[in-house]
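Dear colleague,

I am passing on the structure we spoke about, together with some notes on what turned up in it. Please have it open beside you as you read.

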Amino acid sequence: MLCGKFAPDMFSVIIDNSGFSRTQMKHVVGREILEHDYVVTLSLNNKTYLLPYAYNNPWTILDETSPYYFGDSHKQIRSLLLSEHRIKSETRYYIFHCEEDQIASVEDKDMVVTLLSKYNSTYYKRLGRNDLDGELFKKYTHAMDASLRKLFDHVAELDQDHKLVKELNGNEFLNNTVNPLNCGSRNYVFNFKDDFTINVTITKNSKADFTSMSAILDICDSIDEGFNFIAAKLSDKNYDEAAIVMQDIIDAYTTISLEIDKLCEFIDMQNVNLVIKQFKYILLEVVVHFNDNRWDELEEELSQQIIPNFLLWK
């Protein structure tokens, strides 16, 4: 089911028998929440003992500074209940779940089916006691001791109009698909390649880390006005006021540059690095002109070099 979420165009049919719908924390941090992950049955001297165990795994929900802190992002990437992680696809789902499953929540599965039905062809069977046949579904409990071979044959019969195939041949590998899944403070980016490899990267969510783009553009508009002001003051030979505004532009540029440094973590900056370096070089030249009182050169370069490069940078 998670593979269908990560690669929605990969499969023609996905069969789910009593699967989980979200992270079960007792399987992640059972020791910390004092819940057992599994039980071992032992017989000794004609007596039966049940021993609860919890795995000694590295995850923690108590230490937020630990690299193994299991936060909301870890839960979301493992959840089948987030609509923002879904897109329409040809994959058909056949889902079976015991009505009194005490291990994997049938109520959660109801919500999964409600969500999936908006994006995929979905068949859902909630099994009661009367649905047990002793061959396909045998026990009224988690997974119903189902015969997986017979379950596959049963789904093949249900899917006979499509014969377990889909119309379109494309999939994530053939299409070199990049599938980013926003999980709160983290983004999980699945990068499929046509050599049938997958690269998954986890990055911090940019929305939480840098000033909004609209705010950056507002600062750029102020820089634009500043250059026009400087041009007017140079024409009037009012160099002191031009120098004051130039300092404001340098401060504004520094603010934006810090935000651009943060952006580098999330996007490929190769296409804009040349523009960034060129504008930075020109700003340094402007500072030299101001320091050396080369007003005529500055006035000429302002219209021919500085403002055009600024607009390109912006």
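A search of the whole structure, which is a predicted model, finds 10 salt bridges. One of these joins E99 to R126, and in this pair the closest N and O atoms are 3.8 Å apart. E99 belongs to the loop between β4 (92-98) and α4 (106-116), while R126 sits in strand β5 (residues 121-127), so this salt bridge ties together parts that are 27 residues apart in sequence. Neither end is classed as buried: E99 counts as partly exposed at 34% relative accessibility, and R126 counts as partly exposed at 30%.

R126 also has a second partner, since its side chain meets that of D110 in a salt bridge with an N to O distance of 2.8 Å. Here the residues come from helix α4 and strand β5 respectively for D110 and R126, so the parts tied together are 16 residues apart in sequence. D110 is likewise partly exposed, with a relative accessible area of 22%, and this figure may be read against the 20% under which a residue would count as buried. Taken together, E99, D110 and R126 are linked in a network of salt bridges.

Another salt bridge is formed by D131 with K125, the closest N and O atoms of the pair being 3.5 Å apart. D131 is partly exposed at 28% relative accessibility, and K125 is partly exposed at 30%.

Turning to the nonpolar residues, which of them touch the most other members of the largest nonpolar core? In this core of 27 residues they are I223, F227, I230, M246, F290 and W313. Two or more residues of the core are supplied by each of the elements α6 (213-235), α7 (239-263), α8 (270-291) and α9 (295-313), and α7 gives the most, with eight residues. In soluble globular proteins, nonpolar side chains tend to be buried together.

W313 deserves a separate look: leaving aside residues up to four places away in sequence, W313 touches C220, I223, Y253, I256, I260, V275, I276 and F279. Apart from the largest core lies another core, of 12 residues, and among them are V13, Y94, F96 and C98.

How do α6 and α9 pack, and at what angle? The angle between α6 and α9 is about 165°, and their axes are 10 Å apart. That makes α6 roughly antiparallel to α9, because angles over 145 degrees are counted in this way. The crossing of these two helices, α6 and α9, is left-handed. On the α6 side the residues that meet α9 include C220, I223, F227, I230 and L234, and on the α9 side those that meet α6 include W295, L298, L302, I306, F310 and W313. The residues in this meeting of α6 and α9 also include D224 and N228 from α6 and E299 from α9.

Finally, V165 may be worth finding on your screen, its place being in the loop between α5 (148-158) and β6 (178-183). V165 is partly exposed, with a relative accessible area of 49%, a value that can be set beside the 50% over which a residue counts as exposed. Not counting residues up to four places away in sequence, V165 touches S12, R92 and D159. From C-alpha to C-alpha, V165 and R78 are 27 Å apart in space, and they are 87 residues apart in sequence.

With best wishes

Definitions and conventions:
Residues are numbered from 1 along each chain as its sequence is written. This is a predicted model: local features need pLDDT of at least 70, side-chain atom pairs count only at pLDDT 80 or more; totals for chains, interfaces and linings use all residues. Side-chain values use heavy atoms; hydrogens and water are left out. A nonpolar core is a set of buried Ala, Val, Leu, Ile, Met, Phe, Trp, Tyr and Cys residues joined through side-chain atoms within 4.5 Å. Buried means under 20% relative accessible area, exposed over 50%, partly exposed in between (1.4 Å probe, protein chains only). Helices (H or I, at least four residues) and strands (E, at least two) are DSSP runs, numbered from the N terminus. Contact means heavy atoms within 4.5 Å. A salt bridge is a side-chain nitrogen of Lys or Arg within 4 Å of a carboxyl oxygen of Asp or Glu. Axes are lines fitted to C-alpha atoms, for helices over the stretch in contact, and angles run from 0 to 180 degrees between N-to-C directions. Angles under 35 degrees count as roughly parallel, over 145 as roughly antiparallel, 65 to 115 as roughly perpendicular and the rest as oblique. A crossing is left-handed if the near helix is turned anticlockwise from the far one by less than a right angle, and right-handed if clockwise.
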